[in-house]
Amino acid sequence: MISKELLKSLAGKNNISLSDKSLSQLNTYAELLIEWNDKINLTAITDPEEIVYKHFLDSMMPLALLDIPEGSSLIDVGTGAGFPGLVLKIVRPDLQITLLDGTNKRLLVIKDIEEKIGITTKIIHMRAEDGSKQKDLRESFDYATARAVTSMPVLSEYCIPYVKPGGYFIPLKGPDIQEELKSGINAINLLGGKWIETKSYSLGDMGERNLVIIQKTKPTPPKYPRQMAKIKKNPLG
């Protein structure tokens, strides 16, 4: 399916070590993704080389750009088909990964993939703004991440409440981040976060990306997150 040699080489260039087991699991993941995609619309990316770059390498990049301690807990908010959370679990089995999504059929696909590749994460079917109001989820994670086109003010309100003080919100964003980040700074601060830095990286010919690093410096006020309609209609700014 995918070129394991290409994926291993790309990972190695970014100081990410992939075991033969991880490479085999990622290959099976790609095969199952394509198989399921014929039944459920999971991804527009179906070319094997594009999967290597745009799904797998992109999802791994937090491991290249951050020193994530062994055993850290991470929630992937709006995980979709498992990017980046399931990929991170495959590459770093020591991480405690939670995958959250509001669409159950996607999570059923992830469960099937996990069973077939021998990986276990905690899977939660819940809307992002509802999940972070749960006592066992709110401010419970070392890291929260999301790979989404949603604007930074909206994405921050969905995700920062999950992060414990001292932890990090690390969204994976596209190439044009400066103006978006500027519009999100006030929201980040209101939610108890502080922008630390933005790390740019390349997916080769597949484009440029950014990892935004936001530290949670204080608890999120209880009134956040608001309901989805309010978040979308009146983003924090």
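## Salt bridges and a buried strand

Arg-147 and Asp-58 form a salt bridge, with the closest N and O atoms 3.1 Å apart. The model is predicted. The exercises below start from this pair.

**Exercise 1.** Find where Arg-147 and Asp-58 lie, and state how many residues separate them.

*Solution.*
- Step 1. Place Arg-147: it sits in the loop between β4 (141-145) and α7 (152-159).
- Step 2. Place Asp-58: it belongs to helix α3 (residues 48-65).
- Step 3. Take the separation: the two are 89 residues apart, and the pair links distant parts of the chain.

**Exercise 2.** Decide for each partner of this bridge, Arg-147 and Asp-58: buried, partly exposed or exposed?

*Solution.*
- Step 1. Recall the cut-offs: buried means under 20% relative accessible area, and exposed means over 50%.
- Step 2. Arg-147 has 24% relative accessibility, so it counts as partly exposed.
- Step 3. Asp-58 has a relative accessible area of 4%, so it is buried.

**Exercise 3.** Find the salt-bridge partner of Glu-129, then classify Glu-129 and that partner.

*Solution.*
- Step 1. The partner is Arg-127; the closest N and O atoms are 3.1 Å apart.
- Step 2. Glu-129 has a relative accessible area of 2%, so it is buried.
- Step 3. Arg-127 has a relative accessible area of 40%, so it is partly exposed.

**Exercise 4.** Examine the salt bridge between Glu-139 and Lys-216. Which parts of the chain does the pair tie together?

*Solution.*
- Step 1. Check the distance: the closest N and O atoms are 3.0 Å apart.
- Step 2. Locate both ends: Glu-139 is in the loop between α6 (128-131) and β4, while Lys-216 is in strand β8 (residues 208-216).
- Step 3. Draw the conclusion: the pair therefore joins parts that are 77 residues apart in sequence.
- Step 4. Add the accessibility. Glu-139 is partly exposed at 22%. Lys-216 is buried at 2%.
- Step 5. Set this in the total: the structure holds eleven salt bridges.

**Exercise 5.** Describe the surroundings of strand β4. Which strands does β4 pair with, and what unit does it help to make?

*Solution.*
- Step 1. Look at burial: four of the five residues of β4 are buried, so the strand is largely enclosed by the rest of the structure.
- Step 2. Take one neighbour: strand β1 (residues 73-77) pairs with β4 in the parallel sense over three bridges. Within this pairing, Leu-74 has Tyr-143 of β4 as its bridge partner.
- Step 3. Take another neighbour: strand β5 (residues 163-169) runs parallel to β4, and three bridges join them. Here Tyr-143 stands opposite Tyr-168 in β5.
- Step 4. Follow the chain: β4, α7 and β5 make a right-handed β-α-β unit.

**Exercise 6.** Summarise the whole chain. How many helices and strands are there, and why can the chain be called as compact as a globular protein of its length?

*Solution.*
- Step 1. Count the elements: the protein chain has nine helices and eight strands.
- Step 2. Compare radii: the radius of gyration is 17 Å, close to the 18 Å that the globule rule gives for 237 residues, so the chain is as compact as a globular protein of that length.
- Step 3. Give the box: along the principal axes, the C-alpha atoms fill roughly 45 × 35 × 30 Å.
- Step 4. Check burial: 53% of the 237 residues are buried.
- Step 5. Check contacts: among those with a separation of 6 or more, 69% join residues 24 or more positions apart.
- Step 6. Turn to the surface: the chain exposes about 10600 Å², and carbon and sulfur atoms supply 48% of it.

Notes: Residues are numbered from 1 along each chain as its sequence is written. This is a predicted model: local features need pLDDT of at least 70, side-chain atom pairs count only at pLDDT 80 or more; totals for chains, interfaces and linings use all residues. Side-chain values use heavy atoms; hydrogens and water are left out. A salt bridge is a side-chain nitrogen of Lys or Arg within 4 Å of a carboxyl oxygen of Asp or Glu. Buried means under 20% relative accessible area, exposed over 50%, partly exposed in between (1.4 Å probe, protein chains only). Two strands pair if DSSP finds at least two bridges between them. A crossover is right-handed if, with the strands pointing away from the viewer, the path from the first strand over the helix to the second runs clockwise. The radius of gyration is taken over C-alpha atoms; the globule rule is 2.2 Å times the number of residues to the power 0.38. Contact means heavy atoms within 4.5 Å. Accessible areas come from the Shrake-Rupley method with a 1.4 Å probe; for residues, only the protein chains shown count as cover.
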